[in-house]
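Visitor: Please walk me through this structure. I would like short answers with the reasoning shown.

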Amino acid sequence: MSVAIRAEGLVKRFGKTTALAGIHLSVPHGEVAGVLGPNGAGKTTAVRILATLSRPDAGQAFVCGHDVRWAPGRVRELIGLTGQYASVDDDLTGTQNLVLVGRLLGMSGATARARAAELLERFELEPAAGRVARTYSGGLRRRLDLAASLVGRPRVLFLDEPTTGLDPHARNEVWRMVRGLAAEGTTVLLTTQYLEEADRLTDQLTVIDHGRVVAAGHADDLKRRVGGQSLRVRPTQLADLSTVAGILAGITGSPPAEDPDTGVLTAPVADPMQLATLVRMLDRAGITAAEIALRLPSLDEVFLALTGKPAGVPEREESPA
């Protein structure tokens, strides 16, 4: 499979601070890749270099085969970028914002207007097309910003914290649109503070900490790497908790962890068939469970294990370059 984005040994320093310390990255055409990391890890720095907004101090980066340092103009013709905050003109209408981008990209007036109309329909912005952007909600502004990044029909789209500050409904709308872009063959690289977002959207993940890649792979692969599966059970009756704990310990060979607030018992398992064993033994004991499941570690747990930090708020790790 051909590669749309490739980075080799990227280094970027800001004074005495090393934002990137030799990261490697490879994203095949048509995939959605996620970049995760705690605050100040280097995520935004990496995106800025790949989008030709900053030059690396060492290493190489290529987008669709073009070197970001020596062919930045060609790279810019092939990419779209949406930053952490919507970069729309508040004094222009939705239509005017998109037409302006088209004109800046060298489109004729007619072509720019046609492309704007197409994107307004696609992103369900037609009812708000004639209103100035300052009247838009956060979700509408983000959708308009995403539409603007697609005016030039980019082959590669960079999304830096694309759903920061959005409510759950607006976030789901952006997710739906990103999935649609990927289905059409657009390569997407996104940084995100929302681990659920990374879990649900991405084909592969790269975890960065202190400017270095600490793990890379599919979300499920990272979960297995950090820890195996576990059995999770919550008895319907709290009075059965100690009995269930004994059954679970007998099956798994280790005492389960208990959450006193929820009454959930969790124990690591070596064999997925132990779930069936647990179900049979609870049935024999006449115990019902309100919840029972075999699960991998959550992406939150993976993130914490790999970086030693919980996922945080949008990063501010560098000065503009």
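**A cavity and a helix**

Guide: In the second largest cavity, H1 contributes the most to the lining, with four residues. Keep in mind that this is a predicted model.

Visitor: How many cavities of 30 Å³ or more does a search of the whole structure find?

Guide: The search covers the whole structure and keeps cavities of 30 Å³ or more. The second largest holds about 30 Å³ of space. The count is two.

Visitor: Which class has seven residues in the lining of the second largest cavity?

Guide: The lining includes Ile23, Leu25, Val35, Lys43 and Thr191. By class, one residue is charged and one is polar. The class with seven is nonpolar.

Visitor: Which strands each supply at least two residues of that lining?

Guide: Helix H1 (43–50) supplies at least two residues. Two strands do so as well: E2 (17–28) and E8 (187–191).

Visitor: Why are Gln274, Leu278 and Leu282 on the same side of H10?

Guide: These three residues of helix H10 (274–284) are buried. An α-helix has 3.6 residues a turn, so residues three or four places apart point the same way. Here they share a side of H10 because the arc they cover around the axis is only 80 degrees.

Visitor: Which residues are exposed on the other side of H10?

Guide: The buried side has covers including strand E11 (230–235), helix H9 (241–252) and strand E14 (289–295). On the other side, the exposed residues are Asp283 and Arg284.

Visitor: What is the phi of the glycine that follows H10?

Guide: The glycine is residue 286. Its phi is positive, near 70 degrees.

Technical notes: Residues numbered from 1 in each chain as written. Predicted model: local features only at pLDDT ≥ 70, side-chain atom pairs only at ≥ 80, totals over all residues. Heavy atoms only, no water. 1 Å grid on protein atoms, 1.4 Å probe; cavity = no way out; pocket = protein on both sides within 12 Å on 5 of 7 lines; lining within 4 Å. Points joined across faces, edges and corners; volume = space filled by probe spheres on them. Nonpolar A, V, L, I, M, F, W, Y, C, P; charged D, E, K, R; others polar. Buried < 20%, exposed > 50% of the residue type's maximum accessible area, 1.4 Å probe, protein only. Arc of directions from axis to C-beta. Contact = heavy atoms within 4.5 Å.
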